[in-house]
Amino acid sequence: MSAKILFIDASARKGGNSTKLMYVAELGARKRGCETEIIYLKDHKIKPCAGCVSDDIMACKFPCVIDDDDFNSLARKLIESDGVVIATPVYWYMVSGIMKNFIDRLTSLENMLFHTGKSLVDGKVAAFIATGSDTGTSMTIAYLMDVFNSFGYHIPPWSLAYHHSIDDSLDNGFAVYDSYNLGINVCRAAEIMKKEKEPWYSFEYDLNEIKNYAKRMAERDGKNDSLEKRIEKAKGDEC
């Protein structure tokens, strides 16, 4: 089952290290058999988030209420795709500014959970590339994984690639291998996930039943793990 993977370049310049590794990943996805599309965020106008959700959680929805820039059209591409690869340079231990604006606005897709019961990117697949001349690539990728998983994206094995050097990223053999495998794996995982139709997050559970179960278990464990018993056990343990 063919899948479509969107590649988002978050660099302020084309042809840099993060863009090069993105091209490597895009080739891997195409070789695997996926349809691909590349978006350069620098070519688009993306205004900062207005913070609607902080005033009224139901005010934040898609299409985003800010409708005089390019965000909604780009977001629709995410909705129509089966997976996404984010490639960003590291700006002070974090994603680029234009990428952060884009991420903040993506709240409108995730927050549809409260309108329709499902994030608009629930069950899709994501992978990440980060490059920088100094440290911060792992921190940047960890941030992206945290955010996109919270949007509802699945993150497959071997879904990260990084290069932290001023040298050409294509001279870093490990980064090239990582990026190529990343492209293959995001395509492979997206093909699998296309078959899954059930939402991965739901409010359709009995909250009181869940809470009461956890409370009973905690009370049971508390009786068997009193302070006195823990001290007694600690005194008897050998170093």
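In the predicted model, the lining of the second largest pocket comprises eight charged residues, six nonpolar residues and one polar residue. The space within this second largest pocket amounts to about 250 Å³. Its lining is formed by 15 residues, and those closest to the centre are Asp122, Gly123, Met193, Lys194 and Glu196.

The largest pocket holds about 350 Å³ of space. A total of 17 residues line the largest pocket, with Pro89, Val90, Thr131, Gly132 and Ser133 lying nearest its centre. Two elements, helix 1 (17–32) and strand 4 (125–132), each give two or more residues to this lining. By class, the lining of the largest pocket divides into nine polar, six nonpolar and two charged residues. Charged residues thus number two in the lining of the largest pocket and eight in that of the second largest pocket, while six nonpolar residues occur in the former and six in the latter.

Helix 3 was examined with respect to burial. Within this helix, which spans residues 71–80, the buried positions are Phe71, Asn72, Leu74, Ala75 and Leu78. These residues lie on the same side of helix 3, because the arc that they cover around the axis is only 160°. In an α-helix, residues three or four places apart point the same way, because each turn contains 3.6 residues. The buried residues of helix 3 are covered by elements including strand 1 (4–9), strand 2 (35–40) and strand 3 (83–89). Helix 4 (97–105) and helix 5 (107–110) are also among the elements that cover them.

Technical notes:
Residues are numbered from 1 along each chain as its sequence is written. This is a predicted model: local features need pLDDT of at least 70, side-chain atom pairs count only at pLDDT 80 or more; totals for chains, interfaces and linings use all residues. Side-chain values use heavy atoms; hydrogens and water are left out. Buried means under 20% relative accessible area, exposed over 50%, partly exposed in between (1.4 Å probe, protein chains only). Helices (H or I, at least four residues) and strands (E, at least two) are DSSP runs, numbered from the N terminus. The arc is that of the directions from the helix axis to the C-beta atoms. Contact means heavy atoms within 4.5 Å. On a 1 Å grid over the protein atoms alone, a cavity is a set of points where a 1.4 Å probe fits but cannot get out, and a pocket is an open set with protein on both sides within 12 Å along at least five of seven lines; lining residues have an atom within 4 Å of a point. Grid points are joined across faces, edges and corners, and a volume is the space filled by probe spheres set on the points. Ala, Val, Leu, Ile, Met, Phe, Trp, Tyr, Cys and Pro count as nonpolar, Asp, Glu, Lys and Arg as charged, and the others, Gly among them, as polar.
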